[in-house]
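Grab a viewer and a coffee. Here are a few exercises to work through, each with a solution you can check as you go.

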Amino acid sequence: AIKYSPPPPPDPALTADVWLQRETVRYGGAASDAAYLTSYAPFTVDGNHTRAVLLLAAGRGLAAPAAEPDEQTLRSLADRIALSCECVVLLPRLSGGTARWQHGRLLSEADAAARYLNAAHGAQALGVVALGEAGCVAAELHAQGALESHALVTLVPPRVPHEALRALDAPLLCVLGEAAGQASEMAEALALNPRLRGEYFVRHFAGCRQDFLLAPGSEREAEAADQAVSLALAFLDRHVPEGVAAGVPR
């Protein structure tokens, strides 16, 4: 009989605990209670982070309509971005649901966060990852020119207005679950946007529920969630530059 040997444990040198520095921070001008900061430790120690990612999550598309997004799941996502992109990631605690985080309040939070990332970590390039209804608001703020970044990733937004899609000037990745109709409509609206010059991608995961990203209900949805995050990582890595001379967009 063949004796079964369990797989070896993962190499400790490859785990996030070795490569990441995590802390809870507060900064001036923030509307949130506190924020989770995770960063690629070698760059943090040397003080030479040049790019950062702001992770915003609020509202429908993340969990049951009345529920708050799971904090630990969001932190795990922030860790994965920081480790893969070798950058610093800031996750403000946007408690209270989307009703508390409409355009003006979310803009104030994003502006304060970007200034903190620039002042405290020297970040000169910014990517924004917005989940659920925060993705809709972030897209509209970008379209209005109120919020700027080098790349915008919207994950499972309920719906982004077509006029916002036609006015965006930041490269966009949008990940969707549920009905395919929204994906085709978004692609058509983005195709009419001359500013993007083709720098956009809409990915629809057919048969996945709207909250599959943070709360997968099946093995299929778990695989789709992993693919969606991998897409986001590749998009950020491509569009958020390292070592740029310009300051972080406000």
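The exercises below start with the whole chain, then turn to one loop residue and one helix; keep in mind that this is a predicted model.

**Exercise 1. Sketch the overall make-up of the protein.**

Step 1: count the elements, and you get 8 helices and 8 strands.
Step 2: look at burial, where 50% of the 250 residues turn out to be buried.
Step 3: check the surface, about 11400 Å² of it, with carbon and sulfur atoms supplying 52%.
Step 4: take the contacts with a separation of 6 or more; 69% of them join residues 24 or more positions apart.

**Exercise 2. Decide whether Val160 is buried or exposed, and find its partners.**

Step 1: place the residue. Val160 sits in the loop between β6 (151-155) and α6 (162-167).
Step 2: apply the cut-off. Buried means under 20% relative accessible area. Val160 has 3% relative accessibility, so it counts as buried.
Step 3: list the contacts beyond four places in sequence: Cys136, Ala139, Leu165, Gln182 and Met186.
Step 4: pick out Cys136. Its C-alpha is 5.0 Å from that of Val160, although the two are 24 residues apart along the chain.

**Exercise 3. Compare the span of α8 with its expected value, then work out what covers its buried residues.**

Step 1: α8 runs over residues 219-239, which is 21 residues.
Step 2: from first C-alpha to last, α8 reaches 30 Å, close to the 30 Å expected at 1.5 Å a residue.
Step 3: find the buried positions in α8, among them Ala224, Ala228, Leu233 and Phe235.
Step 4: identify the cover, which includes β3 (51-58), α3 (71-85), β5 (125-132), β6 and β7 (172-176).

How values were computed:
Residues are numbered from 1 along each chain as its sequence is written. This is a predicted model: local features need pLDDT of at least 70, side-chain atom pairs count only at pLDDT 80 or more; totals for chains, interfaces and linings use all residues. Side-chain values use heavy atoms; hydrogens and water are left out. Helices (H or I, at least four residues) and strands (E, at least two) are DSSP runs, numbered from the N terminus. Buried means under 20% relative accessible area, exposed over 50%, partly exposed in between (1.4 Å probe, protein chains only). Contact means heavy atoms within 4.5 Å. Accessible areas come from the Shrake-Rupley method with a 1.4 Å probe; for residues, only the protein chains shown count as cover. The expected span of a helix is 1.5 Å times one less than its number of residues.
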